[in-house]
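Welcome, and thanks for taking a look. Below is a short tour of the ligand surroundings, one helix and a few backbone details.

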Amino acid sequence: MPEHILSGIKAIVAMKLRRKGLLQKEIAEIIKSDRSIVSHYLSGRYPKEKILKVAEIFEELPPKYGAKLIHSLTDDKELAKNLIEELYNIKFLWDEKSCIACGSCLGCVALTLDNFTVNIDYDACFLCASCIFRCPTNSLNFVRENYD
Ligand code: SF4
Ligand code: SF4
């Protein structure tokens, strides 16, 4: 079942990328699927309607919950990051005003605390959302840029 849900999410992301004008080859690289599978996603032949409905529910979730769930569907962190970025169109933000510099979010190579400032290394971050759930003041969050 997790593989089916992942397929539904890949199909939605493939369609979003197509609307942005990406070629099948480029889409295949981002969602890490064969071009033949991408073709099925884009034509609506696969996956089944009910799987797409489940994937659409994922899309409607607050991104921090959706990100956690997507990471639970695959061990491929890079794939999960690609899907989360495209599905939710988010920015990962740190709120300086509410942060109390407690350090609870640390423990990930992508985060450092320096002189009361939390720095996020976006290249090293896989958008797993763990730090967001560890923050006691909601100072970290994935914020949607817009819905498309
Ligand atoms: S979202 Fe995950 S990978 Fe990114 S900084 Fe937070 S804990 Fe690290
Ligand atoms: S866990 Fe939250 S409050 Fe604590 S340092 Fe990190 S961002 Fe700041």
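## A proline in a loop

Let's begin in a loop: Pro47 sits between α3 and α4, the latter spanning residues 49-60. Please keep in mind that this is a predicted model. The peptide bond that links Tyr46 to Pro47 is cis, with omega at about -5 degrees.

## Helix α2 and its neighbours

Helix α2 covers residues 24-31, and its buried residues are Ile27, Ala28 and Ile31. Looking down the axis of α2, you find these buried residues within an arc of 100 degrees, so they line one face of the helix. The spacing fits a general rule: an α-helix has 3.6 residues a turn, so residues three or four places apart point the same way.

What do the buried residues of α2 pack against? Their partners are α1 (2-19), α3 (35-43) and α6 (77-88). Just after α2 comes Lys32, whose phi is positive at about 55 degrees.

## Two more positive phi angles

Asn89 is not a glycine, yet its phi is positive, at about 50 degrees. You will find Asn89 in the loop that connects α6 with β1 (90-94). Is Asn89 buried or partly exposed? With 16 other C-beta atoms within 10 Å, Asn89 counts as partly exposed.

Ala101 is another residue other than glycine with a positive phi, here near 55 degrees. Ala101 belongs to the loop between β1 and β2, where β2 is residues 111-114. Ala101 has 13 other C-beta atoms within 10 Å and is therefore partly exposed.

## Around ligand 1

Which residues surround ligand 1? Cysteines in this shell are Cys108, Cys125, Cys128 and Cys131. The shell also holds Ala110, Leu111, Ile120, Phe126, Leu127, Ala129 and Ser130.

Sorted by class, the surroundings of ligand 1 comprise 10 nonpolar residues and one polar residue, with no charged residues.

## Around ligand 2

Ligand 2 has 15 residues around it, and those that come nearest are Cys99, Cys102, Ser104, Cys105 and Cys135.

How does this shell break down by class? Around ligand 2 there are 10 nonpolar residues, four polar ones and one charged residue. For comparison while you browse, the shell of ligand 1 has no charged residues.

Key: Residues are numbered from 1 along each chain as its sequence is written. Chains are lettered from A and ligands numbered from 1 in the order in which they are written. This is a predicted model: local features need pLDDT of at least 70, side-chain atom pairs count only at pLDDT 80 or more; totals for chains, interfaces and linings use all residues. A residue is near a molecule or strand if its C-beta atom, placed from the backbone, lies within 6 Å of it. Ala, Val, Leu, Ile, Met, Phe, Trp, Tyr, Cys and Pro count as nonpolar, Asp, Glu, Lys and Arg as charged, and the others, Gly among them, as polar. A residue is buried if 20 or more other C-beta atoms lie within 10 Å of its own, exposed if 12 or fewer, and partly exposed in between; C-beta atoms are placed from the backbone. Helices (H or I, at least four residues) and strands (E, at least two) are DSSP runs, numbered from the N terminus. The arc is that of the directions from the helix axis to the C-beta atoms. Two residues are in contact if their C-beta atoms, placed from the backbone, lie within 7 Å.
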